[in-house]
Amino acid sequence: MKIGIIGLGLIGGSLGLDLRHLGHEILGVSRQKSTCQRAIEKGVVDQADTQISSLTSTDIIFICTPIGLIFPTLKQLKPYLKKETIITDVGSVKTPIVLECSAFWENFVGGHPMAGTAEQGIEAAQSNLFKNAPYVITPTENTPKDGVKILEKLAQSLGSIVYHCSPENHDQAVAWISHLPVMVSASLIASCVRESDPIVLKLAQQLASSGFKDTSRVGGGNPELGVMMAQYNQRALLRSLITYRQQLDQVIEQINTEDWDSLEKLLNETQQGRSPFITPPPQF
Ligand code: NAP
């Protein structure tokens with residue numbers, strides 16, 4: 001197939017590497033000339049350009065820009081598209097994107113390859129990033145079935161495990177397992193650094209080990225990404241945060257009233273509740 005990729009960063013670049021390796025012809029578009037040049041050198045694309053009009057003849061286009069630019073990019077693209085061209089995106093939040101893009105382009109299929117690293121940009125692009133990782137496709141009742149099938153086949157060819165769900169269910173699920181952990185972990189760090197006794201604060205910093213590293217990792221990441229999650233997934237994230245706050249209040253109450261039985265019951269439940277998230281149930 002002739003595949004267009006707009007935004008040659010970590011995700012767009014990694015998609016290009018694998019899809020090209022599979023024999024597809026890849027035409028890339030990125031904002032900066034230097035990125036286009038680097039993408040050609042790295043073997044991410046066959047050709048690259050800063051002009052979106054270079055994608056006129058493609059069968060499918062992956063929009064891999066930052067979330068806020070996905071819909072504006074589609075608007076810019078429209079004059080150059082054949083009506084059969086499938087447009088998909090890789091944004092980490094789906095409801096606002098799918099709503100806007102599907103209303104604007106009939107052949108739009110929302111997607112989210114759930115793989116990444118802490119790095120950004122074309123230099124971060126790597127082969128096999130999507131292997132064994134979930135690739136969520138979020139059709140609506142109006143999404144053309146053929147487009148969904150083509151994206152599904154491409155995702156499978158990357159070695160991804162494909163899931164289908166509504167954009168809303170996607171956003172609530174990622175709020176639980178990705179966006180809530182970022183806010184909880186950030187709040188953990190923010191609480192620790194507020195320790196008012198400098199001797200205790202320094203000692204805590206010296207003693208912090210693997211437990212703190214694990215629980216603080218996602219809260220100590222890219223601030224822009226955290227704000228983006230809150231901004232674009234506000235409703236689902238707030239729902240998760242409010243449930244979390246209620247849960248935290250319950251734990252405070254149990255400890256304050258020395259209700260050790262209830263606390264133990266809760267910790268037994270959480271010990272068991274964790275495993276289906278770590279070893280997920282089979283696809284349905
Ligand atoms: P990234 O590494 O920063 O790459 C984005 C690239 O888009 C940049 O390298 C930039 O290239 C290019 N770009 C920016 N504005 C553009 C424009 N107007 N037109 C064309 N290209 C433009 O970011 P990323 O991590 O790949 O994320 C991209 C998308 O993937 C986001 O929507 C994100 O939600 C989604 N996603 C990210 C992850 C993750 O873990 N990072 C996982 C799954 C999905 P230039 O150098 O040319 O400016």
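Which polar backbone atom is 2.8 Å from an oxygen atom of the ligand? Here are some notes to help you find your way.

1. The polar backbone atom belongs to Thr65, 2.8 Å from a ligand oxygen. A polar contact here is a pair of N or O atoms within 3.5 Å; within protein, one must be able to donate a hydrogen and the other to accept it, and residues adjacent in sequence count only if both atoms are side-chain atoms.

2. Before going further, please keep in mind that this is a predicted model, where local features need pLDDT of at least 70, side-chain atom pairs count only at pLDDT 80 or more, and totals for chains, interfaces and linings use all residues. Residues are numbered from 1 along each chain as its sequence is written, and side-chain values use heavy atoms, with hydrogens and water left out.

3. Two other residues also approach ligand oxygen atoms: a backbone N or O atom of Gln32 lies 2.9 Å from one, and a side-chain N or O atom of Ser92 is 2.6 Å from one. Of the 890 Å² of accessible area that the ligand has on its own, the protein covers 85% (Shrake-Rupley method, 1.4 Å probe).

4. Around the ligand there are 24 residues, the closest being Ser30, Thr35, Thr65, Ser92 and Gly121 (a residue is near if one of its heavy atoms lies within 4 Å). This shell divides into 11 nonpolar, 12 polar and one charged, with Gly counted as polar.

5. Now look at the second largest pocket, with about 940 Å³ of space. Its lining has 20 residues, and Pro134, Tyr163, Ala173, Ile177 and Pro280 lie nearest its centre. By class, the lining holds 16 nonpolar, four polar and no charged residues. A pocket is an open set of points on a 1 Å grid over the protein atoms alone, where a 1.4 Å probe fits, with protein on both sides within 12 Å along at least five of seven lines; lining residues have an atom within 4 Å of a point.

6. The second largest pocket lies between domain 1 (2–165) and domain 2 (169–278), because both give residues to its lining.

Methods: Points joined across faces, edges and corners; volume = space filled by probe spheres on them. Domains from an automatic or database assignment.
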